Amino acid sequence: MPPRCSPASALFLPFLYPTLFRSLPRVPRASLSTAASPSTSAAEHGSDSTETLTASDTIPVSRLNPSPDDYAISSFADKAKVTILAGGGGHGCISFLREAFMANGPANGGDGGHGGNIYIQAVHGENSLHKLARRRIIRAGRGKTGQGSNRGGARGDDVVIQVPIGTVIREIERIDPMDEEKILYRQAREKEREYDKLVREAEEAAQASEETGVGEGEALRLNIDLPEPPEHPNAHKFILYPGMSNSDRRGLSLPRLPLRERLYAQPDPPLHLDLSVASPRPILLAAGGLGGLGNPHFVSKDRPRPLFATKGERAVRMQLELELKLLADVGFVGLPNAGKSTLLRALTRSRARVGNWAFTTLQPNIGTVVLDNHKGRPIVKLRSSGGSSPSHSVIHDATFGSVVVSQQHGQVQIGEAPEPRKRFTIADIPGLIEGAHLDRGLGMEFLRHVERAGVLAFVIDLNAGDAVKALKSLWTEVGLYARMREDEEREREASERIDWQGDGSTSAASRMMVADLPEPSAQPTGLHIASKPWFVIATKGDLPGTEENFDKLKTYLDAVTDGEEPHPSNVEHAWTEDCVAIPVSAIHGQGVDRIIHWTLGLLDD
Ligand SMILES: Nc1nc2c(ncn2[C@@H]2O[C@H](COP(=O)(O)OP(=O)(O)OP(=O)(O)O)[C@@H](O)[C@H]2O)c(=O)[nH]1
Ligand SMILES: [Mg+2]
């Protein structure tokens, strides 16, 4: 375990609070970095720390201290409802060869093109569903109609919907013309069977009347009583030649079309996809309709010049609900106005709105910390070994690439090094207030994102009163929310359980089914959030008079790590492995490197 706020590490320069880094000579406040000077000089002039609340006013406007209207509107969305329409098939063509001295050439109408499919693919680099949420309807291309001279129509364009990794797709509604057609065919077959039965009965009756000597007239009457034969269900699928004469139309007998199988298998309903890893290939959501058949398909000895072709098949239409589950690697949790958005700006290229008032942020902002220059070369210097996982070291070998040498129980083990992380994402959510778990403030909606982050970073304003108290109240809110969610989950699970008896009691059969499963604990613990690794980012450290507050916070966190104090949420068995507080001054971009390194250590553990 690395020393907390290690004075030996050159990366973790104690630019703030030199007194906490005992082995370093005490640096007088006046000689702190120039960036911190405006507020320092304010302190020298004897100003009160509460007066420096608006210290950002004295700092020149920059990317990290922007004017309130210098921001990009957050285009983030974690939910979307879309209707997808696969492309219908193009119609078949009715055409005949026309050449000099050939009055009635053979049929040469081309087939229609097949409709385009709609696929979905989870990819790296996407981290929001806002583009989909805005589009609402996604259509694949329609197949083109066939042409004369046996030229087939072009295929409709496929559409690949790219979504972030962690997207869950649920089907709400589906209209599949193939299913409708199957039902129509089944009904038609039943009607035909009934008609055949009637015909057979009429014939038998006619035969019987002949044998019993009833006159020919009676037999004829029985035949006339028969209803019209049922129409075949695929009559609507044909297109007729527009220049057809009335006599042609009267003598037209349309052939029976068999049910055609789609080129691509349509996934069975209800569709439920959980794309928790990048999909190497796009996954089919909706298959396009088949192209119609040109008139040469219907040429026969009795019908040398078919004056019809078939229409393209209609395609699937689906309504889907998409939800982005795994949102960010790190979730910022903090009171309003703590400096979360400024910190996000300092760590990433985000242009989140910053303002000296509560609830500046109304929608979550997602920022990506890029660790390489997109060519594999690191732009953030990583620690060679150690961090929060010092039990292994990475050796770079020209022949074998990266090899991990780890020591477990005194034995050296050699394994393949994991791909170095190239980026991680941070979610900056609106500030939490007391009662957030009861949906006060902008609370609940956004605590969901915290629940899903791998690491929690508590952003505490050192200039806004007791930091330990602030941390405890934030953890209390998060803990209460976690318990509430566990309760909800349990209720949902109970309502989804099969009621074998129909009266709410569970029979022996269902008991057998769940016998091997561990019984869920009766009380919600909130452990699913409290067991996540976390750390504290103590911000606004440039403001005078904050050093003491940080000192207290550090002492408290050391006590939590050593087990002398309970976890701030009071949840038992919560994560207390290495609770640290990192002092930063986001407005000056100081200390942010250390956040990146610490986060990497926690994420890679
Ligand atoms: N002196 C100083 N001021 C800071 C620092 N970080 C943020 N501020 C100021 O604190 C105020 C609030 O910053 P924001 O980043 O908007 O805070 P927030 O936590 O995102 O606020 P909400 O979105 O309302 O929850 C702004 O006036 C910032 O300029 C810092 O490190 N030092
Ligand atoms: Mg904000």
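## Confidence and overall make-up

The chain averages a pLDDT of 77, and 75% of the residues score at least 70; the coordinates are those of a predicted model. Two stretches call for particular caution: over residues 1–13 the pLDDT stays under 50, although the model has 19 contacts beyond four places in sequence for them, and over residues 22–53 the pLDDT is likewise below 50, with 38 contacts beyond near neighbours in sequence. Where pLDDT is low, the predicted coordinates should not be read in detail. For the complex, the predictor gives an ipTM of 0.99 and a pTM of 0.60.

The chain has 12 helices and 20 strands, and of its 605 residues 34% count as buried. Among contacts between residues at least 6 apart in sequence, 75% join residues at least 24 apart.

## The five-stranded sheet

One open sheet consists of five strands in the order S3-S1-S10-S5-S7, and its pairing is mixed. Strand S3 (137–139) and strand S7 (272–275) stand at the edges with a single partner strand each, so one side of each is left without a neighbour in the sheet. From one strand to the next, the twist averages 25°.

Within this sheet, strand S5 (residues 167–175) and strand S10 (residues 317–324) run antiparallel and are joined by eight bridges; Ile-175, for instance, has Arg-317 in S10 as its bridge partner.

## Surroundings of Gly-115

Gly-115 is found in the loop between strand S1 (79–85) and strand S2 (118–123). This residue counts as buried because it has 34 C-beta neighbours inside 10 Å, where 20 or more are needed for a residue to be called buried.

Leaving aside neighbours within four places in sequence, the contacts of Gly-115 include Ala-86, Gly-87, Gly-88 and Gly-89, together with Ala-140, Arg-142, Gly-143 and Gly-156, and also Gly-288, Gly-289, Gly-312 and Ala-315. Gly-115 and Glu-313 lie 198 residues apart in sequence, yet their C-alpha atoms are 8.5 Å apart in space.

## The six-stranded sheet

A second open sheet has six strands, in the order S12-S17-S11-S18-S19-S20, again with mixed pairing. Its edge strands are strand S12 (365–370) and strand S20 (581–583), each of which pairs on one side only. Neighbouring strands of this sheet are turned by 25° against each other on average, direction ignored.

Strand S17 (residues 423–428) takes part in both kinds of pairing: with S12 it pairs in the antiparallel sense over six bridges, whereas three bridges join it to S11 in a parallel arrangement. On the S12 side, the bridge partner of Ile-366 is Ala-427 and that of Val-370 is Arg-423. Ala-427 is also the bridge partner in S17 of Gly-331. Strands of a sheet pair through backbone hydrogen bonds, either parallel or antiparallel.

## Helix H6 and its packing

All eight of the eight residues of helix H6 (residues 340–347) are buried, so the helix is largely enclosed by the rest of the structure. The buried residues comprise Lys-340, Ser-341, Thr-342 and Arg-345 as well as Leu-343, Leu-344, Ala-346 and Leu-347.

These buried residues pack against strand S11 (330–334), S12, S17, strand S18 (455–461) and strand S19 (534–539), and also against helix H12 (592–604).

## Nonpolar cores

The largest nonpolar core has 68 residues, and those with the most contacts inside it are Phe-458, Ile-460, Val-536, Ile-537 and Ala-538. Helix H8 (residues 467–496) supplies the largest share of this core, nine residues. Beyond its neighbours within four places in sequence, Val-536 is in contact with Phe-458, Ile-460, Leu-471, Leu-553, Leu-557 and Ala-581. In soluble globular proteins, nonpolar side chains tend to be buried together.

Apart from this core lies another, of 25 residues, among them Ile-84, Leu-85, Ala-122 and Ala-315. Ala-315 also appears among the contacts of Gly-115.

## The annotated coiled-coil region

An unreviewed UniProt entry carries the annotation "coiled-coil region" for residues 181–212. In the model, the chain over residues 181–212 is 97% helix and 0% strand, with the end C-alpha atoms 46 Å apart.

How values were computed: Residues are numbered from 1 along each chain as its sequence is written. Chains are lettered from A and ligands numbered from 1 in the order in which they are written. This is a predicted model: local features need pLDDT of at least 70, side-chain atom pairs count only at pLDDT 80 or more; totals for chains, interfaces and linings use all residues. UniProt positions are given in the numbering used here, feature names are shortened, and annotations may be inferred rather than shown by experiment. Helices (H or I, at least four residues) and strands (E, at least two) are DSSP runs, numbered from the N terminus. Two strands pair if DSSP finds at least two bridges between them. Axes are lines fitted to C-alpha atoms, for helices over the stretch in contact, and angles run from 0 to 180 degrees between N-to-C directions. A residue is buried if 20 or more other C-beta atoms lie within 10 Å of its own, exposed if 12 or fewer, and partly exposed in between; C-beta atoms are placed from the backbone. Two residues are in contact if their C-beta atoms, placed from the backbone, lie within 7 Å. A nonpolar core is a set of buried Ala, Val, Leu, Ile, Met, Phe, Trp, Tyr and Cys residues joined through C-beta atoms within 7 Å. pLDDT is the predictor's confidence in each residue, from 0 to 100.
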